[in-house]
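Let's take a walk through this fold together, starting from one helix and working outwards. Have the sequence and the model open side by side as you read.

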Amino acid sequence: MASLSAQIPLCLALMMAACLMIGINGSIDGAQREFDYFALSLQWPGTICHKTRHCCSSNACCRGSNSPTEFTIHGLWPDYNDGTWPSCCYRSQFDVKEISTLLDALEKYWPSLYCGKSSTCFSGKGLFWAHEWEKHGTCSSPVIRDEYSYFITTLNVYFKYNVTKILNEAGYVPSNSERYPLGGIVSAIENSFRATPEVICSKEAVEEIRLCFFKDFKPRNCLASKTSCPKYVSLPAYVSMGNIGI
């Protein structure tokens with residue numbers, strides 16, 4: 001039988017190995033714990049495109065008459081109830097061939113509104129969609145388990161909960177002169193979806209609206225108790241930049 005002095009280092013080594021397996025967040029193999037809810041983040045092109053100073057082929061703001069004029073998708077994000085979120089949960093490199101049948105829809109409803117490549121978890125610099133899949137999509141399990149499902153699910157939720165249509169029907173239309181009550185915009189969405197959204201502004205202009213969902217994609221209130229928006233906000237109309245600088 002090994003001596004007591006020989007057993008002690010072995011026990012310490014086993015304890016350290018167990019700690020590494022459990023990880024700092026309490027999950028086996030250091031994996032991040034399962035998320036609590038989804039946030040669908042939508043971008044308002046009128047606000048973001050106003051910031052565009054030069055154009056490139058990857059920037060949807062530069063498509064002239066084909067540039068987006070309704071809320072577009074930023075991403076579907078698994079979040080925690082404590083205000084934090086998981087990211088880059090498992091190694092799954094983005095493969096554009098997996099979503100080849102969705103590319104037309106993604107170009108229209110989920111375009112990049114910036115120039116330059118996006119950072120990813122596992123693929124270096126790449127497409128905007130690669131960033132969203134590798135950072136957020138890989139953390140959507142067990143609800144969503146693969147790349148194609150992540151993108152088709154997000155598109156379907158986006159179509160079902162059409163924020164642009166709801167706001168237009170309530171009289172909140174794109175304008176470079178009008179200011180609308182923030183409370184009215186929030187109420188229009190609450191009345192339609194029975195849940196409170198989160199609104200993000202850049203100065204007085206609406207930049208993003210986030211809708212929150214339980215894991216079965218039924219609407220729930222978003223957590224944000226504060227807003228970056230003033231009491232009256234704008235929904236800037238898109239001003240075409242044509243193909244400048246491409």
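**A helix and its surroundings**

The buried residues of H5 are Glu147, Tyr150, Phe151, Thr153, Thr154, Leu155, Val157 and Tyr158. Please keep in mind that this is a predicted model. An α-helix has 3.6 residues a turn, so residues three or four places apart point the same way. With that in mind, try tracing the buried positions along H5, for instance Tyr150, Thr154 and Tyr158. The helix itself runs over residues 147-160 and has 14 residues. From first C-alpha to last, H5 reaches 20 Å, close to the 20 Å expected at 1.5 Å a residue.

What lies over the buried residues of H5? The cover includes three strands, S1 (37-43), S2 (72-79) and S7 (205-213), together with helices H3 (103-109) and H4 (128-135). At the start of H5, look for aspartate 146: one of its side-chain oxygens comes to within 3.2 Å of the backbone nitrogen of tyrosine 148.

Now step back to the loop between H4 and H5, where you will find serine 140. Is serine 140 buried or exposed? Its relative accessibility is 0%, so serine 140 counts as buried. If you set aside neighbours within four places in sequence, serine 140 is in contact with Phe35, Phe38, Pro78 and Tyr150. Tyr150 is one of the buried residues of H5 that we have already met.

From here we can turn to the nonpolar interior. In soluble globular proteins, nonpolar side chains tend to be buried together. The largest nonpolar core in this model has 47 residues, and Phe71, Phe151, Val163, Leu167, Ile209 and Leu211 are the ones that touch the most other members. Helix H7 (residues 182-193) supplies the largest share of this core, six residues. Phe151 brings us back to H5, where it is among the buried residues.

Leucine 211 deserves a closer look. Leaving out neighbours within four places in sequence, its contacts include Phe38, Ala39, Leu40 and Leu42, as well as Tyr161, Val163, Ile189, Phe193, Pro197 and Cys222. Phe38 is also a contact of serine 140. Apart from the largest core lies another one, of six residues, with Cys49, Cys61, Leu113 and Tyr238 among them.

Let's finish with the charged side chains. How many salt bridges are there? The count comes to eight. One of them pairs glutamate 34 with lysine 215, with the closest N and O atoms 2.6 Å apart. This pair links distant parts of the chain: glutamate 34 sits in the loop between helix H1 (4-22) and S1, lysine 215 in the loop between S7 and strand S8 (219-220), and 181 residues separate them. Both ends are partly exposed, glutamate 34 with a relative accessible area of 41% and lysine 215 with 29%.

A second salt bridge joins glutamate 107 and arginine 63 at 2.8 Å, N to O. Because glutamate 107 lies in helix H3 and arginine 63 in the loop between helix H2 (45-49) and S2, the pair ties together parts that are 44 residues apart in sequence. Glutamate 107 is partly exposed at 38% relative accessibility, and arginine 63 is partly exposed at 28%.

Lysine 97 and aspartate 95 form another salt bridge, their closest N and O atoms being 3.3 Å apart. Here lysine 97 counts as exposed at 62%, whereas aspartate 95 counts as partly exposed at 24%. Finally, Glu198, Glu208 and Arg210 are joined into one network by salt bridges that share partners.

Definitions and conventions
Residues are numbered from 1 along each chain as its sequence is written. This is a predicted model: local features need pLDDT of at least 70, side-chain atom pairs count only at pLDDT 80 or more; totals for chains, interfaces and linings use all residues. Side-chain values use heavy atoms; hydrogens and water are left out. Helices (H or I, at least four residues) and strands (E, at least two) are DSSP runs, numbered from the N terminus. The expected span of a helix is 1.5 Å times one less than its number of residues. Buried means under 20% relative accessible area, exposed over 50%, partly exposed in between (1.4 Å probe, protein chains only). Contact means heavy atoms within 4.5 Å. A polar contact is a pair of N or O atoms within 3.5 Å; within protein, one must be able to donate a hydrogen and the other to accept it, and residues adjacent in sequence count only if both atoms are side-chain atoms. A salt bridge is a side-chain nitrogen of Lys or Arg within 4 Å of a carboxyl oxygen of Asp or Glu. A nonpolar core is a set of buried Ala, Val, Leu, Ile, Met, Phe, Trp, Tyr and Cys residues joined through side-chain atoms within 4.5 Å.
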